[in-house]
Amino acid sequence: MERESLEIIRTIETKKLPKRTKIGINLVSIGLLLLVFSTRGLLGVAKLEYPSSLLIILIIVPVIVLHELSHGIAFKLYTGIVKFGFILRSGLGPAFYTTCPKCLMPRNRMILACLAPQVLTVIALLILAITQISNIWLANSLLFFAAFNLAGGCADLFMIYLMARENSRIFVEDTGTGAIFYREKGTV
Ligand SMILES: [Zn+2]
């Protein structure tokens, strides 16, 4: 799509979101974390007997790496271009991000690129549900992985929500710290 034939309809900067939106995103994130943990009984995952902070620290690294890699694979497949980055003040706390600089993507492809890491959440929960792993550490690792991957993707989910409200014919440019929505000139 030629940039000249497009016009900007909306610019989103995570940093500049209203305070109540940022609080809302964080609350949804905590809600999603608790939601995944609430499936513990259903999935047959026994609680760790002592504080699990060590497991949280150990699991957070693979969550970040695999989460960003999933976005990266989607961008690579769709555009061939991927850039990984880190921002200290994203408006939603420090964050790693994956972007496709200067790429214009049709809305539905961008939605899939935002959704890509959640395939891992589904896989982790499916493994737990199907195998009913008895090893308490392994089972908790998978549960923590699913919970943090989903909760950590709440900004992605917020972007999906914003995109879903727009016409499916729009184009989206990911800026790493937000997005720009475009439509073809002369269309509504
Ligand atoms: Zn993400």
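Helices, as the word is used in these legends, are DSSP runs of H or I of at least four residues, numbered from the N terminus.

**Figure 1. The end of helix 2 and the glycine after it.** In this predicted model, helix 2 is followed by Gly-80, a residue whose phi is positive, near 85°. Helix 2 itself covers residues 53-79.

**Figure 2. The length and the bend of helix 2.** At 1.5 Å a residue, the 27 residues of helix 2 should span 39 Å, and this agrees with the placement of its end C-alpha atoms, which are 39 Å apart. Helix 2 nevertheless bends by about 25° at Ile-59, and a proline, Pro-62, follows within four residues.

**Figure 3. The buried residues of helix 2 and their packing partners.** Ile-59, where helix 2 bends, is one of the buried residues of this helix, together with Val-63, His-67, Glu-68, Ser-70, His-71, Ala-74 and Phe-75. An α-helix has 3.6 residues a turn, so residues three or four places apart point the same way. The buried residues of helix 2 pack against two strands, strand 2 (83-87) and strand 3 (95-99), and against helix 3, helix 4 and helix 5.

**Figure 4. The largest nonpolar core.** This core holds 39 residues, of which Leu-128, Leu-143, Phe-145, Ala-146, Ala-147 and Val-172 touch the most other members. At least two residues each come from helix 1 (19-37), helix 2, helix 3 (107-115), helix 4 (118-131), helix 5 (136-151), helix 6 (154-164), strand 5 (171-174) and strand 6 (178-184). Helix 5 gives the most to the core, with ten residues. Ala-147, when its neighbours within four places in sequence are left aside, is in contact with Leu-33, Val-36 and Phe-37.

**Figure 5. The open sheet of four strands.** The strands of this sheet lie in the order 1-6-5-4, and their pairing is antiparallel. Strand 1 (6-13) and strand 4 (105-106) are the edge strands, each of which pairs on one side only. Strand 4 is joined to strand 5 by two bridges, and the two strands run antiparallel; the bridge partner of Met-105 in strand 5 is Val-172, a residue that is also among the core members touching the most others.

**Figure 6. The whole protein, for orientation.** Six helices and six strands make up the elements of the protein, and from the N terminus on they run β-α-α-β-β-β-α-α-α-α-β-β. The C-alpha atoms fill a box of roughly 60 × 35 × 25 Å, taken along the principal axes, and buried residues make up 30% of the 188 residues. Of the contacts with a separation of 6 or more, 77% are accounted for by residues 24 or more positions apart.

Notes: Residues numbered from 1 in each chain as written. Predicted model: local features only at pLDDT ≥ 70, side-chain atom pairs only at ≥ 80, totals over all residues. Core = buried A, V, L, I, M, F, W, Y, C linked by C-beta atoms within 7 Å. Buried ≥ 20, exposed ≤ 12 C-beta atoms within 10 Å, placed from the backbone. Contact = placed C-beta atoms within 7 Å. Expected span 1.5 Å × (residues − 1). Bend = angle between axes of the 7 residues up to and from the residue. Pairing = 2+ DSSP bridges.
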